[in-house]
Amino acid sequence: MSNFARPEVPVSHYRSNLRDIRFNLFELFGRGEILGQGPYADLDVETAEAVLTEVEHLARTRLADSFVTGDREPPVYDPTTRTVTLPAAFKASYRALLDAGFWRLEIPAALGGQPAPPSLQWAINELNLGANPSVYLYAAGPKFAGMVHSNGTERDRRIAQHMVDRQWGATMVLTEPDAGSDVGAGRTRALPQPDGTWRLEGVKRFITSGEHDLTENIVHLVLARPVAPADGSHPLPPGVGGPGTKGLSLFLVPKWHFDPDSGELTGERNGVFATNVEHKMGIRASTTCELTFGADGVPARGWLLGEVHDGIAQMFQVIEHARMLVGTKAIATLSTGYLNALDYARTRIQGADLLRAGDKTAPRVPILDHPDIRRSLLNQKACAEGLRSLLLYTASVQDQVALATEAGTRDEGAEAGTRDEGAERLNDLLLPLVKGYGSERSWVQLGTESLQTLGGPGFLSDYPLEQYVRDAKIDTLYEGTTAIQGQDLFFRKIVRDEGRALGRLAADIGGWVAGGRGTGPDLGRGDGQLKDERELLGRALADVTAMVAAMRADLPPAGAHRGPPPVQADPRRLYVVGLNTTRLLMALGDLVCGWLLLRGAEVALDRLNTAQPATEQAFYEGKVAAARWFARTTLPRLAAERVIVETTDLAAMDLAAGSF
Ligand code: ST9
């Protein structure tokens, strides 16, 4: 009989890795030190552990329950009513997520929240996003409310409270048919009205959760360009509504009109309608809508958020959060993809051990015994765990930002608005890595390694891998493509930052390589056990540093980019920089992941110095093995990337369009 048995239903598709999440939070990044005190006095380690356990159970059961249904029975769009209906199973998952109430850990106390440190929030988010990303995307309303609250007027803060109390959905509305990466090309207009509201006109595209039947209302956060009426009745202040991103303002546009004081719906439909819902490769349960403002002759009215024209900066608060979210979604999917592949490799019997390949009577073995499967699984493990460390390291930096801000508001002696600018800059630097590097590595690993581990069955819908691959592809695309992340990293987070955050990160990595202490609170100790890996990491650091130097040398002499005096006089050399920004993004991602994996290995080696229960022993040995594997198989590649950067010329740009 064939040992290829179809999986029994219903087994949760979701394989969480709570042990590794706890390792990162409490053993590697010492998050226990900030819990149970200060702003988190009510949230000690024990409570945090209990929350994680409960969320993991919810994710693996109630959320995961509708993961497949949402894909096979996607939302139904009715163009006559312009409404969307979601499948009942999906609605049940959504209800379970909201009813569990963990979203309160993500919103300010003023709105009824009990804020947890970002590191715990993102650990929770990993579990939810790994189990059912679409459900989690619909459930972002309270988080949006927090953003409205912190940027809003008294009126907006009341609206934010209604959003929380009535559990309304919310969306971010930037993209237009001809304004994707280039948000500043948006043409949606906002005309001031005599009653102080604004009327919006235009078409937006690719709006996640733009229409659905999960909530009684949806509040759209819309970027639009203010335009003065032709009759001169409402002139705009100077500088408002000009070209590009800086001319955009942010408006709150509800699906249903409501009384801003009471939150009660008036029963009147606002003129923002879903005029199309896209058919997609993946995350099919998550609606991706075309929204038309002013469709069907119904005006779309909204409020200017905070009554200030600062739309792009306000929207970037949402975008920064959403970029972290998309990276987390990708990383979470790779992790469950790897663990599904591992389960399969342990039980699938196929072929003889390579050492007995010539013996046709040799016993058949689990594919886990084959060298190439081990290569693949170690790639997946190292990548999934390295990316989790990158995510939770970034979240730990966000803890520092949050604690400083909180201290500024709590301590009456402190100046208002106290900030930890160093941590803010480091977080800014790391965000494109979490989003851009995280999504690229995850999608490629899922397709080329996790699905591949299953062989032909991986291609079948009997297993979750094919859905993971389809669902994860979007992560390299939305919230700023990988190309945008690469440009953001180099031009904004390195050059414009004058290398400060990168310098701090490089000093921390260099400090670890030297086995001493750098500038961070929790750097590695020099115990000699990872000597070869330290050397590999040191070389990788030198390679990435050289890549940055080479790219900086190609910046134009003057203009948009600040920094040390550039060397190159030929302005076309900027193309050479543009040819390498994605390469640098991936190289820096490898470097940081390598460093974090090795720091984890060091902690694991420490633990292994004392007797551990068998499962713990296996866990720590796995941490060390994955870090060593990554250091030996991935970090040496950065030397080649460096040579490529240093020798890039203009040939690609000189090639005529017809020659492609
Ligand atoms: C999308 C939806 O794809 C996907 C769904 C995701 C999930 C939905 C659920 C989300 C839940 C979220 C909950 C939210 C809760 C909020 C929580 C809050 C705590 N960092 O360089 P310039 C700003 S949506 C910060 O000249 P260009 C900055 O103000 C579609 N700010 O740009 C700057 O001024 P300054 C996603 C940044 O050449 C100004 O922009 N679409 C950053 O005019 C102008 O900067 C995209 O992501 C930054 N990194 O425009 C668009 N960068 O310089 C991708 C810019 O004075 N395209 N600002 O500081 C880009 O990012 C382009 O580079 C561009 C270029 C549009 C910025």
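Let me start with Glu641, which at 23% relative accessibility counts as partly exposed, in what I should say at once is a predicted model. The side chain of Glu641 meets that of Arg583 in a salt bridge, at 2.8 Å from N to O, and this pair links distant parts of the chain, with Glu641 in helix α19 (residues 637-647) and Arg583 in helix α17, 58 residues apart. Arg583 is likewise partly exposed, its relative accessible area being 28%.

Staying with salt bridges, Asp590 and Arg441 also meet through their side chains, with an N to O distance of 3.0 Å; since Asp590 lies in helix α17 (residues 581-608) and Arg441 in helix α11, the pair ties together parts that are 149 residues apart in sequence. Here Asp590 is buried, at 5% relative accessible area, whereas Arg441 is partly exposed at 25%.

Helix α11 (residues 421-453) also holds Arg425, which forms a salt bridge with Asp497, the closest N and O atoms lying 2.4 Å apart. Asp497 sits in the loop between α13 (482-495) and α14 (500-513), 72 residues away from Arg425, and is buried, with a relative accessible area of 7%.

Across the whole structure, the search finds 50 salt bridges, and a network of them links Asp20, Glu126, Lys381, Glu385, Arg388 and Lys623.

Finally, a word on the backbone. Asp296, in the loop between β11 (288-293) and β12 (300-304), has a positive phi of about 55° although it is not a glycine. Glu307, in the loop between β12 and α9 (311-347), also has a positive phi, near 55°, and Glu307 is partly exposed, at 40% relative accessible area.

Technical notes
Residues numbered from 1 in each chain as written. Predicted model: local features only at pLDDT ≥ 70, side-chain atom pairs only at ≥ 80, totals over all residues. Heavy atoms only, no water. Helix = DSSP H or I, 4+ residues; strand = E, 2+ residues; numbered from the N terminus. Buried < 20%, exposed > 50% of the residue type's maximum accessible area, 1.4 Å probe, protein only. Salt bridge = Lys/Arg side-chain N within 4 Å of Asp/Glu carboxyl O.
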